[in-house]
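Trainee: Please give me a close look at the enclosed spaces inside this model. I would like to know what surrounds them and how the pieces fit together.

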Amino acid sequence: MIVSKNSENGVLDEKVGTDSIGTNLGFDPAGLGVLDAFFASFSMIIVSEIGDETFIIAALMAMRHPKSTVLSGALAALFVMTVLSTGLGRIVPNLISRKHTNSAATVLYAFFGLRLLYIAWRADTKGSQKKEMEEVEEKLETGQGKTYYRRFLTRFCTPIFLESFILTFLAEWGDRSQIATIALATHKNAVGVAVGAIIGHTICTSLAVVGGSMLAAKISQRTVATIGGFLFLGFSLSSYFYPPL
């Protein structure tokens, strides 16, 4: 009996230890799990980034420079941004109560969803996409981001890699997908969110580099915005009706 009791206590202790470790790493045992976070993050990135400014930057740069260098620079920036965003999403609940962060995430999702549906409703598909491509081309021509720090970093990285990294990072900072990644990480599994976002970014950026501006010009901004709008509204409803425990 003593041996049996000790073994049961050992199992209980092991379970408690595992749960506490999981909580410290950002896992929520009562949440929907890694797969839910992965698919939510992955689908959000796909509908947000296809035809977006970072997509067009990669497409246009790949027409002028070696594709592998442009792709590696853009992906490096997006990976760094994803890790930073996921980290911020895990820090916020420690500063603000989980209830308030979940409410803020619900409102943000609803705002992005309604805004995307409004953009889809008002979109002049060919005109808006052409205008955005012209704006990005202008940034590339003016060499946005040419600073002392850039000149210093060119000693360690190729200028093309650095230009791709800086332009992508600046375009992504404060972007809809970055804020949505932070919001997802506040109430979903952090690892699932990060992996889903990284894979989504990899697919979108690779398509941009391989397809070039021709692919960017043929993408229907209205269709992408409509799908994205309904997806974000779905996130909002899910966050409202199924809040994390």
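Mentor: Let's begin with the second largest cavity, where H10 gives the most to the lining, with three residues. Keep in mind as you look that this is a predicted model. The space in the second largest cavity is about 30 Å³. Its lining is made up of Glu 49, Thr 54, Phe 55, Leu 78, His 201, Cys 204 and Thr 205. Two elements, helix H3 (53–64) and helix H10 (190–218), each give two or more of these residues. Try matching the numbers: Thr 54 and Phe 55 fall in the range of H3, while His 201, Cys 204 and Thr 205 fall in the range of H10.

Now sort the same lining by class. There are three nonpolar, three polar and one charged residues. Phe 55, Leu 78 and Cys 204 are the nonpolar ones, because Phe, Leu and Cys count as nonpolar. Glu counts as charged, so Glu 49 is the charged residue. Thr 54, His 201 and Thr 205 are the polar ones.

Next, step back for the wider view. A search of the whole structure finds two cavities of 30 Å³ or more. The largest cavity holds about 40 Å³ of space. Around it you will find Leu 78, Met 81, Thr 82, Ser 85, Glu 172, Ser 177, Gln 178, Thr 181 and His 201. Did you spot two familiar names? Leu 78 and His 201 appear in the linings of both cavities.

Which helices supply this lining? Helix H4 (67–95) and helix H9 (176–187) each bring at least two residues. H4 gives the most, with four. By number, Leu 78, Met 81, Thr 82 and Ser 85 belong to H4, and Ser 177, Gln 178 and Thr 181 belong to H9. Glu 172 has the number at which helix H8 (residues 159–172) ends, and His 201 has a number within H10.

By class, the lining of the largest cavity has two nonpolar, six polar and one charged residues. Leu 78 and Met 81 are the nonpolar ones, because Leu and Met count as nonpolar. Glu counts as charged, so Glu 172 is the charged one here.

To finish, trace Leu 78 and His 201 in your viewer: Leu 78 is in the range of H4, His 201 is in the range of H10, and each residue lines both cavities.

Technical notes: Residues are numbered from 1 along each chain as its sequence is written. This is a predicted model: local features need pLDDT of at least 70, side-chain atom pairs count only at pLDDT 80 or more; totals for chains, interfaces and linings use all residues. Side-chain values use heavy atoms; hydrogens and water are left out. On a 1 Å grid over the protein atoms alone, a cavity is a set of points where a 1.4 Å probe fits but cannot get out, and a pocket is an open set with protein on both sides within 12 Å along at least five of seven lines; lining residues have an atom within 4 Å of a point. Grid points are joined across faces, edges and corners, and a volume is the space filled by probe spheres set on the points.
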